[in-house]
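Please open the model in a viewer and keep the selection tool at hand. The tour below proceeds stop by stop, with a selection to make at each one.

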There are 2 protein chains.
Amino acid sequence: MDSNKKFLNGTLNTIVLALLRENGKMYGYEICQLTKDKTNEKILLTEGAIYPTLHRLEKEGMITSSKEKVNGRIRKYYAINKSSLQEVDSQINLLSQFTAHLRTLLNLSA
Amino acid sequence: MDSNKKFLNGTLNTIVLALLRENGKMYGYEICQLTKDKTNEKILLTEGAIYPTLHRLEKEGMITSSKEKVNGRIRKYYAINKSSLQEVDSQINLLSQFTAHLRTLLNLSA
DNA sequence: CAAATATACATAAGACATTTAGGTATAGCT
DNA sequence: AGCTATACCTAAATGTCTTATGTATATTTG
């Protein structure tokens with residue numbers, strides 16, 4: 001009841017892909033933090049959601065992981081596969097259209 | 001894979017409330033049709049989703065139904081309970097904020 | 001006028017993403 | 001030494017939605 005958690009459903013996949021497209025490569029924890037920062041703590045991705053999502057996207061062949069040791073800890077970076085860039089664009093466009101239609105339905109400007 | 005069906009998850013409740021708030025009273029089939037028309041057939045509400053949603057909202061005390069016979073067929077109209085108007089506004093605002101943040105994340109203007 | 005389509009409601013099984021809750025481990029600060 | 005931040009992971013439970021059916025009347029069309 002507190003945040004807009006329930007609205008996230010279905011959009012997480014595309015959020016991840018959009019952030020990866022913009023930033024080249026990112027790791028799970030970083031995706032959570034950046035989302036928190038960019039949305040003023042209004043959209044909070046949980047680790048229980050983000051990691052299975054990343055694993056699924058890799059399994060589907062959309063992204064590829066690579067491990068790097070940074071400051072003694074291992075980070076698992078993910079990047080979009082070049083062959084999937086078009087599909088990623090398409091998915092982001094779909095979500096973009098959806099939010100636009102939603103705002104029309106809700107009678108919101110812009 | 002064709003439409004943006006998956007994005008709907010979590011927003012249906014609020015869409016229904018927003019349409020009811022704007023139009024005073026509506027029946028299930030009408031909500032589906034209006035949504036289809038307003039979004040250029042991009043957001044399609046299915047009957048398997050809309051009716052359980054209306055039932056749930058009524059059970060929760062957010063809306064109230066009333067049956068009317070129109071053209072020989074019975075229609076079940078729903079309207080927002082006055083005591084819930086504030087809660088409805090609040091929910092619509094939350095969804096509005098969510099879509100705004102989402103558009104920021106996706107690097108979309110407006 | 002018979003058949004197909006549109007209108008209008010409803011329910012139930014199944015799919016599926018996310019929440020909630022737990023677990024491991026290292027680095028850095030107090 | 002203990003707490004917090006970083007960083008990964010998994011699994012059971014939850015809950016919405018899809019898909020598939022079912023019923024029934026009104027209207028359109030061949």
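A polar contact is a pair of N or O atoms within 3.5 Å. With that cut-off in mind, please note also that this is a predicted model.

**First stop: DNA strand D**

Select Y27(A) together with DNA strand D. A polar side-chain atom of Y27(A) lies 2.7 Å from a phosphate oxygen of this strand. Next, add E47(A), whose side chain has an N or O atom 2.6 Å from a base nitrogen of DNA strand D. Then add R73(A): one of its polar side-chain atoms is 3.3 Å from a base oxygen of DNA strand D.

Now widen the selection to the surroundings of the strand. There are 24 residues around DNA strand D, and those that come nearest are Y27(A), Y29(A), E47(A), R75(A) and K76(A). Which element gives the most to this surface? It is α3(A), with five residues. At least two residues each are supplied by α2 (28-38), α3 (47-59) and β3 of chain A and by α3 (47-59) of chain B. Coloured by class, the surface near DNA strand D shows eight nonpolar, 10 polar and six charged residues. On the DNA side, 68% of the strand D atoms within 4 Å of the protein belong to sugar or phosphate, and the rest to bases.

**Second stop: the rings of Y27(A) and Y77(A)**

Return to Y27(A) and select Y77(A) with it. The two ring centres are 5.2 Å apart and the planes meet at 85°, so this pair is edge-to-face. Y27(A) belongs to strand β1 (residues 25-27) and Y77(A) to strand β3 (residues 73-80) of chain A, so the pair ties together parts that are 50 residues apart in sequence. Are these two residues buried or exposed? Y27(A) is buried, with a relative accessible area of 16%, and Y77(A) also counts as buried, at 10%.

Add K25(A), which lies over the face of Y77(A) at 4.5 Å from the ring centre. In chain B, select K25(B) and Y77(B): the charged end of K25(B) sits over the ring of Y77(B), 4.5 Å from its centre.

Finally, show E30(A), found in helix α2 of chain A. E30(A) touches K25(A) and Y77(A), leaving aside residues up to four places away in sequence. Its relative accessible area is 27%, so E30(A) is partly exposed.

**Third stop: an aromatic pair between the chains**

The count of aromatic pairs over all chains comes to four. One of them is formed by F7(A) and F98(B), a tilted pair with 5.7 Å from centre to centre and 50° between the planes. This pair crosses between chains, from F7(A) in the segment before α1 (12-23) of chain A to F98(B) in helix α4 (residues 85-105) of chain B. Both residues, F7(A) and F98(B), are buried.

**Last stop: DNA strand C**

Select DNA strand C and the 25 residues that surround it; Y27(B), Y29(B), E47(B), R75(B) and K76(B) are the closest. Here the largest share of the surface, five residues, comes from α3(B). Three polar side chains may be displayed in turn, each with a polar atom 3.0 Å from a phosphate oxygen of DNA strand C: T46(A), Y51(B) and H55(B). Of the strand C atoms within 4 Å of the protein, 69% belong to sugar or phosphate and the rest to bases.

Key
Residues numbered from 1 in each chain as written. Chains lettered and ligands numbered in written order. Predicted model: local features only at pLDDT ≥ 70, side-chain atom pairs only at ≥ 80, totals over all residues. Heavy atoms only, no water. Phe/Tyr/Trp six-rings, centres within 6.5 Å; stacked < 30°, edge-to-face > 60°. Helix = DSSP H or I, 4+ residues; strand = E, 2+ residues; numbered from the N terminus. Buried < 20%, exposed > 50% of the residue type's maximum accessible area, 1.4 Å probe, protein only. Lys NZ or Arg CZ within 6 Å of the ring centre and 35° of its normal. Near = heavy atom within 4 Å. Polar contact = N/O pair within 3.5 Å; in protein donor to acceptor, adjacent residues only side chain to side chain. Nonpolar A, V, L, I, M, F, W, Y, C, P; charged D, E, K, R; others polar. Contact = heavy atoms within 4.5 Å.
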